[in-house]
Every structure is written in structure tokens, then in C-alpha cells.
Amino acid sequence: MKLPGFPRIQLAHLPTPLERLDRLSKELDGPEIWIKRDDCTGLSTGGNKARKLEFLMAEAQAMQADTVLTCGAVQSNHVRQTAAFASKLGMDCHILLQDRTGLHDALYGTNGNVLLNHLHGATISHRPAIVDLQTELAVVLKQLQEEGRKVFVIPVGGSNPVGSLGYVDCALELTLQATERKLPIDHLITATGSCGTQAGLVVGFTAAKAGIRVTGISVKQDQAVQEKNVFDLAIQTAHLIGPGALPSRDDVIADSSYVGPGYGVPGKDTLEAISMFAQLEAILLDPVYSGKAAAGLIDYCRKRRFTAGEKVVFLHTGGAASLFGYGNIMANRAEELS
């Protein structure tokens, strides 16, 4: 199955690699662990947002936008990749960065993704946690339109039905890779935040009749809230494709056990996961998304929720650039938790 008929700008480095993690599998003494390297999609250090932006920025071009407007947390991977796409396509990019963590550190506010936003030439403004970002976006949109700009607004995380098509396509890509390798995948585990990645995967695997169970590790919301949000977006996305892509409610799992101290704040299990992946597999995770998802993967293996003989794929959503903004914070957290 392919996704014909949807406008798309193919800039990401696809297909991304599918690799077996031998040392991590041996260390955890459980399932055979593989990794889908969506940290290797290109465009400003890569990440899962590249897949979504291929579809979203095609919409922007179709409406002849000269400016894109989006928002996210201070160290947002989505914002950084949107700024990169905009620079590649010759569009202006205006971004709102919201302080969602309460972390106050010079590196956090200036390095990592924030530095890359500046390098891509984005116009950046900041908002406190107490404001409603949708309201703030509407205010900035009006200002830009009054300046004569033709503005395309991209939601948080690029997570709407069109953006989620990027992960429908990823599910089809992974299904093909698994078939070619004769690799029967039992489970896929990944971070889930703004919902588009998990929703797209669920819809894609349903459409492909792949039989792969997706477990999202929530980075912020309680399980019931996150699962509802993912399922609602999955249904909207499936309606773009056709009735054969409609998932059931049982297809959506979003475990919130690994949120830790809160969004964007790494707990002890996240720090351990980042260290294990770096030291065993030379793979860099981030403390906001992939690190928490990896903490879930490690715990599932230790508790034998994923067992010997099973094949598990960890979808790496990228974000390692934010490590350079979290250097002091991670060191302090490690000291506090030791």
C-alpha cells in the first residue's frame, strides 16, 4: 500500500535504517530488540517531525505561503525541524517557545534546539507556561497577516491528520523492511506526546494488516487522556485514507508510567536509559521523548512484559540536539538522584 494523492515534499532521508541492537538485547536478556532510526531523517540533525513536515509543508506551498507559524516547548524538536524546513524552502518561520518545564539554566535557554532555531533564521518569541498557546498563535497570526504575510499555521508537534500521514507512511515502510528481512515484529514502542506519531503508526499498521502492536510511552499526559487523544487523531487520519485503515480502540496503548517528574524533566530511569543506549549501542537519546520511551522499553524487558523470542522495535524519534541544552540539568539531576 502507498499513499497516492497527498501532496508531499520529499526532503527527508528515507527509508531510515532498521538495525538490531545486539548489546542492548544481551544486557536485558529478553526479547530481540531492533531500532527504527528516525533520528536519521536529516534536516537539522533529524527526528520524527521530518516525516510529518513533508506533508504539512506541501500544504503550505500549495497555498503559496511565504511564512510558517508554529509553537512548542523551549527545546522543541518540532520547532527546530520546522525552522529547518522553512529555511530549505525559502520561507520565513515564526515560532513561539513556551516555558513548560520551569527549568532555569543558561544552556537550556540558549543551546541545543534553541541555538539551531537561530541558525536557521527563525524569528523567536517566548511565552510563559500560564498562557494558552492557541490564543497566542491567533494573535501572532493576525499581526503577520496585517503585515501582508501569507501564513501557514502548523499545530504543536505537526500533529493533525495531514501530519500524521508521515507515520502512516513510516508504518508501511517498516512493514516492507520487516517483510524483506523475514522479521516478524511483535511490538513497536515509541514516545507519544502530541499524538501524531503514534496515531499514524496505528493507522498504517491497521491498513497494512501488519499485526504489529504499538505501545506509546507518554511523556506528559495521564494514560486515559493520552489514549483518547491518540485514538481520536487516528480515526481522523484513517478517514483520509479509507475504511480499511480504521483502527479499534484496543489498538491504542499509551503508558504514562514513565513521565517521571514531569514533561521535559528526566527521572532516574530516563538518565539510565540515555546512558545505556550511549554506552552499549553508541546511540544518543534525548531527555524529553526518546529517553523516556527507552526507559519504558528497558522496564518492560526487565519485568518480562516483552519476553525472550519476541521481536521488539524501538522507534527512535530523534532529539539528541537537545542534549546540549540539558547538559547542566542532566548532571544536576543525576547528582540529586544518586
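Biologist: Is Cys93 buried or exposed?

Modeller: Quick caveat before that: this is a predicted model, where local features need pLDDT of at least 70, side-chain atom pairs count only at pLDDT 80 or more, and totals for chains, interfaces and linings use all residues. Residues are numbered from 1 along each chain as its sequence is written, and side-chain values use heavy atoms, leaving out hydrogens and water. Now, buried means under 20% relative accessible area, exposed over 50%, and partly exposed in between, with a 1.4 Å probe and protein chains only. Cys93 comes out at 5%, so call Cys93 buried.

Biologist: How many disulfides does a search of the whole structure find?

Modeller: A disulfide is a covalent bond between the sulfur atoms of two cysteines. The cut-off here is a pair of cysteine sulfur atoms within 2.5 Å. The whole structure gives zero. For Cys93, the nearest cysteine sulfur belongs to Cys71, 11 Å away.

Biologist: Why is there no bond for Cys170?

Modeller: Because the closest cysteine sulfur, in Cys40, is 12 Å from the sulfur of Cys170, too far for a bond. Cys170 is also buried, at 0% relative accessible area.

Biologist: On to cores. Which residues have the most contacts inside the largest nonpolar core?

Modeller: In soluble globular proteins, nonpolar side chains tend to be buried together. A nonpolar core here is a set of buried Ala, Val, Leu, Ile, Met, Phe, Trp, Tyr and Cys residues joined through side-chain atoms within 4.5 Å. The largest has 79 residues, and the ones with the most contacts inside it are Leu24, Met57, Val68, Phe277, Leu297 and Phe314. Apart from that core lies another, of 17 residues, with Cys170 and Trp34 among them.

Biologist: And the sheets: what is the strand order in the one with six strands?

Modeller: Strands are DSSP runs (E, at least two residues), helices likewise (H or I, at least four), numbered from the N terminus; two strands pair if DSSP finds at least two bridges between them. The six-strand sheet is open, ordered S1-S2-S10-S7-S8-S9, with mixed pairing. S1 (18-20) and S9 (253-255) each have a single partner strand, so one side of each is left without a neighbour in the sheet. Inside, S7 (residues 187-192) and S8 (residues 213-218) run parallel, joined by six bridges; Thr190 has Gly216 as its bridge partner in S8.

Biologist: What is the order in the sheet of four strands?

Modeller: That open sheet reads S5-S4-S3-S6, with parallel pairing. S4 (residues 92-98) pairs with S5 over five bridges, and His94 has Thr123 as its bridge partner in S5.
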